[in-house]
Amino acid sequence: MMDFDNSTPVVMSLSSHDPSGSSGIQADIETTASLGCHCTPIITTLCAKDTHDTKEIVPLDAPLIIEQARAILEDMPVKAIKLGFLGSVENTEAIHTILRDYPHIPVILDPVTSVCESELMDAPSVIRATETLLLPMATIATPDLVEAHDLAHQGDTLHACAQEILESGCEYVLISGAKRTQSTYENHLYGKQGLIKAYTWERLKLFSHGCGATLAASIASYLAHGLRLEDAVEQGQQYTWNSLAASRRLGMGKRIPNRFFWTQKRTEKKNSRSA
(Lines give C-alpha, C1' and ligand atoms only; values in the text may rest on other atoms or scores of the structure.)
Protein backbone atom coordinates (compact mmCIF):
# COMPACT_ATOMS: atom_id res chain seq x y z
CA MET A 1 0.00 0.00 0.00
CA MET A 2 1.29 3.46 -0.96
CA ASP A 3 2.52 5.59 1.94
CA PHE A 4 0.97 9.05 1.35
CA ASP A 5 1.93 12.21 3.24
CA ASN A 6 -1.36 12.63 5.10
CA SER A 7 -0.15 15.80 6.81
CA THR A 8 -0.68 17.74 3.56
CA PRO A 9 -4.27 17.29 2.32
CA VAL A 10 -4.84 17.53 -1.44
CA VAL A 11 -7.55 19.91 -2.69
CA MET A 12 -8.56 19.81 -6.35
CA SER A 13 -9.66 23.13 -7.83
CA LEU A 14 -11.51 23.47 -11.11
CA SER A 15 -11.77 27.09 -12.15
CA SER A 16 -10.69 29.79 -14.58
CA HIS A 17 -7.30 31.38 -15.04
CA ASP A 18 -7.50 35.02 -13.91
CA PRO A 19 -4.25 36.72 -14.97
CA SER A 20 -4.73 39.48 -12.37
CA GLY A 21 -4.47 36.88 -9.61
CA SER A 22 -7.62 38.18 -7.92
CA SER A 23 -9.83 35.15 -8.34
CA GLY A 24 -9.97 31.77 -10.06
CA ILE A 25 -7.15 29.27 -9.97
CA GLN A 26 -4.57 31.56 -8.38
CA ALA A 27 -6.94 32.47 -5.55
CA ASP A 28 -7.46 28.77 -4.89
CA ILE A 29 -3.76 27.94 -5.01
CA GLU A 30 -2.88 30.78 -2.64
CA THR A 31 -5.69 29.98 -0.21
CA THR A 32 -5.04 26.25 -0.01
CA ALA A 33 -1.27 26.75 0.30
CA SER A 34 -1.78 29.35 3.05
CA LEU A 35 -3.93 26.84 4.95
CA GLY A 36 -1.48 23.96 4.68
CA CYS A 37 -2.99 22.08 1.75
CA HIS A 38 -1.69 21.15 -1.69
CA CYS A 39 -3.79 22.43 -4.61
CA THR A 40 -4.12 20.51 -7.87
CA PRO A 41 -5.36 23.19 -10.31
CA ILE A 42 -7.53 22.15 -13.24
CA ILE A 43 -8.01 25.11 -15.58
CA THR A 44 -11.48 25.28 -17.14
CA THR A 45 -11.36 28.67 -18.85
CA LEU A 46 -8.78 31.18 -20.04
CA CYS A 47 -9.68 34.80 -19.40
CA ALA A 48 -8.45 38.20 -20.48
CA LYS A 49 -9.05 40.04 -17.24
CA ASP A 50 -7.65 42.84 -15.09
CA THR A 51 -8.60 44.32 -11.73
CA HIS A 52 -11.47 46.20 -13.40
CA ASP A 53 -13.40 43.60 -15.38
CA THR A 54 -13.41 40.57 -17.68
CA LYS A 55 -12.70 41.30 -21.34
CA GLU A 56 -12.63 37.84 -22.94
CA ILE A 57 -13.52 34.26 -21.98
CA VAL A 58 -12.23 31.17 -23.78
CA PRO A 59 -13.45 27.87 -22.27
CA LEU A 60 -11.11 24.92 -22.67
CA ASP A 61 -12.35 21.77 -24.41
CA ALA A 62 -14.33 19.50 -22.10
CA PRO A 63 -12.33 16.33 -22.95
CA LEU A 64 -9.14 18.07 -21.83
CA ILE A 65 -10.73 19.03 -18.51
CA ILE A 66 -11.81 15.44 -17.96
CA GLU A 67 -8.31 14.23 -18.80
CA GLN A 68 -6.72 16.72 -16.39
CA ALA A 69 -9.06 15.81 -13.52
CA ARG A 70 -8.97 12.04 -13.95
CA ALA A 71 -5.18 12.05 -14.15
CA ILE A 72 -5.04 13.61 -10.66
CA LEU A 73 -7.92 11.66 -9.13
CA GLU A 74 -6.32 8.37 -10.16
CA ASP A 75 -2.94 9.42 -8.77
CA MET A 76 -3.50 11.47 -5.60
CA PRO A 77 -5.77 11.12 -2.53
CA VAL A 78 -7.95 14.19 -3.11
CA LYS A 79 -9.72 15.23 0.10
CA ALA A 80 -11.96 17.98 -1.31
CA ILE A 81 -13.02 19.36 -4.70
CA LYS A 82 -13.62 23.09 -5.11
CA LEU A 83 -15.58 24.28 -8.17
CA GLY A 84 -15.36 27.83 -9.45
CA PHE A 85 -16.07 29.35 -12.86
CA LEU A 86 -16.40 26.58 -15.46
CA GLY A 87 -17.02 28.59 -18.61
CA SER A 88 -19.53 26.52 -20.60
CA VAL A 89 -22.37 24.02 -20.45
CA GLU A 90 -20.07 21.39 -21.97
CA ASN A 91 -17.54 21.88 -19.17
CA THR A 92 -20.28 21.69 -16.56
CA GLU A 93 -21.52 18.43 -18.06
CA ALA A 94 -17.98 17.04 -18.11
CA ILE A 95 -17.38 17.89 -14.45
CA HIS A 96 -20.72 16.34 -13.53
CA THR A 97 -19.54 13.00 -14.95
CA ILE A 98 -16.34 13.23 -12.90
CA LEU A 99 -18.14 14.03 -9.64
CA ARG A 100 -20.52 11.14 -10.20
CA ASP A 101 -17.55 8.74 -10.15
CA TYR A 102 -16.16 10.14 -6.87
CA PRO A 103 -19.20 10.60 -4.60
CA HIS A 104 -17.15 10.24 -1.40
CA ILE A 105 -15.16 13.47 -1.97
CA PRO A 106 -16.72 16.67 -0.51
CA VAL A 107 -17.63 19.21 -3.21
CA ILE A 108 -17.54 22.94 -2.47
CA LEU A 109 -19.35 24.91 -5.17
CA ASP A 110 -18.71 28.62 -5.70
CA PRO A 111 -21.48 29.36 -8.25
CA VAL A 112 -19.93 32.24 -10.17
CA THR A 113 -22.93 33.77 -11.95
CA SER A 114 -21.57 37.34 -12.03
CA VAL A 115 -19.28 36.59 -15.00
CA CYS A 116 -22.20 34.83 -16.67
CA GLU A 117 -24.10 38.13 -16.70
CA SER A 118 -21.72 39.53 -19.30
CA GLU A 119 -22.30 39.19 -23.04
CA LEU A 120 -19.25 36.95 -23.31
CA MET A 121 -21.20 33.74 -22.87
CA ASP A 122 -24.61 32.04 -22.88
CA ALA A 123 -25.44 32.94 -19.30
CA PRO A 124 -28.89 31.34 -18.86
CA SER A 125 -27.69 27.96 -20.15
CA VAL A 126 -24.61 27.89 -17.92
CA ILE A 127 -26.60 28.89 -14.82
CA ARG A 128 -29.24 26.27 -15.61
CA ALA A 129 -26.55 23.60 -16.05
CA THR A 130 -25.10 24.59 -12.67
CA GLU A 131 -28.53 24.21 -11.07
CA THR A 132 -29.32 20.82 -12.56
CA LEU A 133 -25.89 19.16 -12.73
CA LEU A 134 -23.71 20.62 -9.97
CA LEU A 135 -25.97 21.67 -7.11
CA PRO A 136 -27.19 18.08 -6.60
CA MET A 137 -23.55 16.95 -6.26
CA ALA A 138 -22.47 19.72 -3.88
CA THR A 139 -21.72 19.24 -0.21
CA ILE A 140 -22.00 23.01 0.20
CA ALA A 141 -22.66 25.91 -2.17
CA THR A 142 -21.38 29.38 -1.30
CA PRO A 143 -23.38 31.96 -3.30
CA ASP A 144 -23.64 35.61 -2.42
CA LEU A 145 -27.08 37.19 -2.27
CA VAL A 146 -27.24 37.90 -6.02
CA GLU A 147 -25.99 34.43 -6.97
CA ALA A 148 -28.54 32.83 -4.63
CA HIS A 149 -31.35 34.58 -6.50
CA ASP A 150 -29.81 33.60 -9.84
CA LEU A 151 -29.89 29.94 -8.79
CA ALA A 152 -33.34 30.04 -7.17
CA HIS A 153 -35.75 31.64 -9.62
CA GLN A 154 -38.86 30.95 -7.55
CA GLY A 155 -37.45 32.30 -4.30
CA ASP A 156 -38.93 35.66 -3.33
CA THR A 157 -37.20 35.70 0.06
CA LEU A 158 -33.75 34.70 1.21
CA HIS A 159 -35.15 31.71 3.10
CA ALA A 160 -37.08 30.59 0.01
CA CYS A 161 -33.93 30.85 -2.12
CA ALA A 162 -32.00 28.73 0.35
CA GLN A 163 -34.75 26.10 0.43
CA GLU A 164 -34.94 25.94 -3.35
CA ILE A 165 -31.18 25.45 -3.60
CA LEU A 166 -31.28 22.73 -0.93
CA GLU A 167 -34.15 20.97 -2.68
CA SER A 168 -31.87 20.49 -5.68
CA GLY A 169 -29.84 18.03 -3.59
CA CYS A 170 -27.16 20.36 -2.26
CA GLU A 171 -26.54 19.48 1.42
CA TYR A 172 -25.74 22.97 2.75
CA VAL A 173 -25.76 26.51 1.43
CA LEU A 174 -23.88 29.50 2.84
CA ILE A 175 -25.32 32.78 1.55
CA SER A 176 -22.95 35.74 1.88
CA GLY A 177 -24.34 39.20 2.45
CA ALA A 178 -27.70 37.85 3.60
CA LYS A 179 -28.12 40.95 5.73
CA ARG A 180 -26.12 44.17 5.66
CA THR A 181 -25.93 47.32 7.70
CA GLN A 182 -23.45 50.18 7.52
CA SER A 183 -21.26 48.46 10.09
CA THR A 184 -21.98 44.72 9.76
CA TYR A 185 -22.15 42.00 7.12
CA GLU A 186 -24.13 38.82 7.81
CA ASN A 187 -23.76 35.37 6.25
CA HIS A 188 -26.39 32.64 6.71
CA LEU A 189 -25.73 28.89 6.75
CA TYR A 190 -28.70 26.70 5.82
CA GLY A 191 -29.19 22.94 5.95
CA LYS A 192 -32.15 20.62 5.40
CA GLN A 193 -33.55 21.71 8.77
CA GLY A 194 -33.48 25.38 7.79
CA LEU A 195 -31.25 28.17 9.09
CA ILE A 196 -28.39 26.66 11.07
CA LYS A 197 -26.48 29.79 12.00
CA ALA A 198 -26.15 33.48 11.16
CA TYR A 199 -22.59 34.84 11.23
CA THR A 200 -22.08 38.56 11.78
CA TRP A 201 -18.84 40.22 10.66
CA GLU A 202 -17.55 43.76 10.79
CA ARG A 203 -18.19 45.34 7.41
CA LEU A 204 -14.96 46.37 5.72
CA LYS A 205 -14.76 49.67 3.86
CA LEU A 206 -12.45 48.13 1.26
CA PHE A 207 -13.84 46.45 -1.86
CA SER A 208 -11.85 43.48 -3.12
CA HIS A 209 -12.29 41.04 -5.99
CA GLY A 210 -11.88 37.34 -5.29
CA CYS A 211 -13.88 37.12 -2.05
CA GLY A 212 -16.05 34.23 -3.23
CA ALA A 213 -13.14 32.14 -4.48
CA THR A 214 -11.23 32.72 -1.25
CA LEU A 215 -14.22 31.71 0.89
CA ALA A 216 -14.99 28.52 -1.03
CA ALA A 217 -11.33 27.48 -1.24
CA SER A 218 -10.79 28.07 2.48
CA ILE A 219 -13.84 25.98 3.40
CA ALA A 220 -12.54 23.25 1.07
CA SER A 221 -9.15 23.41 2.80
CA TYR A 222 -10.60 23.10 6.29
CA LEU A 223 -12.80 20.19 5.19
CA ALA A 224 -9.73 18.54 3.67
CA HIS A 225 -8.05 18.85 7.08
CA GLY A 226 -10.96 16.91 8.56
CA LEU A 227 -12.97 19.65 10.27
CA ARG A 228 -16.73 19.27 10.68
CA LEU A 229 -18.64 21.26 8.09
CA GLU A 230 -19.91 23.91 10.50
CA ASP A 231 -16.40 24.40 11.90
CA ALA A 232 -14.93 24.58 8.38
CA VAL A 233 -17.53 27.21 7.43
CA GLU A 234 -16.76 29.36 10.48
CA GLN A 235 -12.98 29.07 10.08
CA GLY A 236 -13.27 29.74 6.34
CA GLN A 237 -15.18 32.96 6.95
CA GLN A 238 -12.63 34.13 9.51
CA TYR A 239 -9.75 33.41 7.11
CA THR A 240 -11.55 35.23 4.28
CA TRP A 241 -12.31 38.27 6.46
CA ASN A 242 -8.64 38.49 7.47
CA SER A 243 -7.56 38.20 3.82
CA LEU A 244 -9.92 40.99 2.81
CA ALA A 245 -8.92 43.21 5.72
CA ALA A 246 -5.29 42.93 4.57
CA SER A 247 -6.15 43.37 0.86
CA ARG A 248 -3.82 45.38 -1.37
CA ARG A 249 -4.34 47.70 -4.32
CA LEU A 250 -2.00 46.22 -6.91
CA GLY A 251 -3.79 47.54 -9.97
CA MET A 252 -6.02 50.46 -10.93
CA GLY A 253 -9.27 48.61 -10.18
CA LYS A 254 -10.45 46.50 -7.25
CA ARG A 255 -8.17 45.44 -4.42
CA ILE A 256 -6.80 41.89 -4.21
CA PRO A 257 -7.14 39.81 -1.02
CA ASN A 258 -3.88 39.12 0.80
CA ARG A 259 -4.25 35.39 1.40
CA PHE A 260 -0.88 35.26 3.18
CA PHE A 261 -1.83 38.04 5.61
CA TRP A 262 -0.35 36.06 8.50
CA THR A 263 3.17 36.33 7.03
CA GLN A 264 2.87 40.12 7.14
CA LYS A 265 2.00 40.00 10.85
CA ARG A 266 4.98 37.75 11.56
CA THR A 267 7.31 40.10 9.67
CA GLU A 268 5.99 43.11 11.58
CA LYS A 269 6.45 41.30 14.91
CA LYS A 270 9.99 40.24 13.93
CA ASN A 271 10.89 43.82 12.90
CA SER A 272 9.50 45.22 16.16
CA ARG A 273 11.64 42.82 18.17
CA SER A 274 14.80 43.73 16.26
CA ALA A 275 14.16 47.47 16.47
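Here's a short walk through this predicted model, from its sheet to two helices packed on the sheet and then to one glutamate.

**Stop 1: the sheet.** Turn on the cartoon view and find the open sheet of 9 strands. Read across it and you get the order β3-β2-β1-β4-β5-β6-β7-β8-β9, with mixed pairing. Now colour β3 (54-59) and β9 (194-202): these are the edge strands, each pairing on one side only.

**Stop 2: β1 and β4.** Select residues 10-17 for strand β1 and residues 78-83 for strand β4. The two run parallel and pair over 5 bridges. To see one of these partnerships, pick Ser13 and look across to Lys82 in β4, its bridge partner.

**Stop 3: the helices on the sheet.** Keep β4 highlighted and add residues 89-101, which form helix α3. This helix lies across β1, β2 (38-49), β3, β4 and β5 (107-109), and runs at about 160 degrees to β4. Next, bring in helix α7, residues 211-224. Helix α7 packs on the sheet too, touching β1, β4, β5, β6 (140-141) and β7 (172-180), and its direction makes about 165 degrees with that of β4.

**Stop 4: Glu30.** Jump to helix α1 (residues 24-34) and click on Glu30. Is Glu30 buried or exposed? It counts as buried, because its relative accessibility is 19% and the cut-off for buried is under 20%. Show side chains and you'll find that of Glu30 in a polar contact with the side chain of Gln26, at 2.8 Å. Finally, which residues does Glu30 touch beyond its neighbours within four places in sequence? Select Tyr239, Arg259 and Phe260 to see them.

Terms used
Residues are numbered from 1 along each chain as its sequence is written. This is a predicted model: local features need pLDDT of at least 70, side-chain atom pairs count only at pLDDT 80 or more; totals for chains, interfaces and linings use all residues. Side-chain values use heavy atoms; hydrogens and water are left out. Two strands pair if DSSP finds at least two bridges between them. Helices (H or I, at least four residues) and strands (E, at least two) are DSSP runs, numbered from the N terminus. Contact means heavy atoms within 4.5 Å. Axes are lines fitted to C-alpha atoms, for helices over the stretch in contact, and angles run from 0 to 180 degrees between N-to-C directions. Buried means under 20% relative accessible area, exposed over 50%, partly exposed in between (1.4 Å probe, protein chains only). A polar contact is a pair of N or O atoms within 3.5 Å; within protein, one must be able to donate a hydrogen and the other to accept it, and residues adjacent in sequence count only if both atoms are side-chain atoms.
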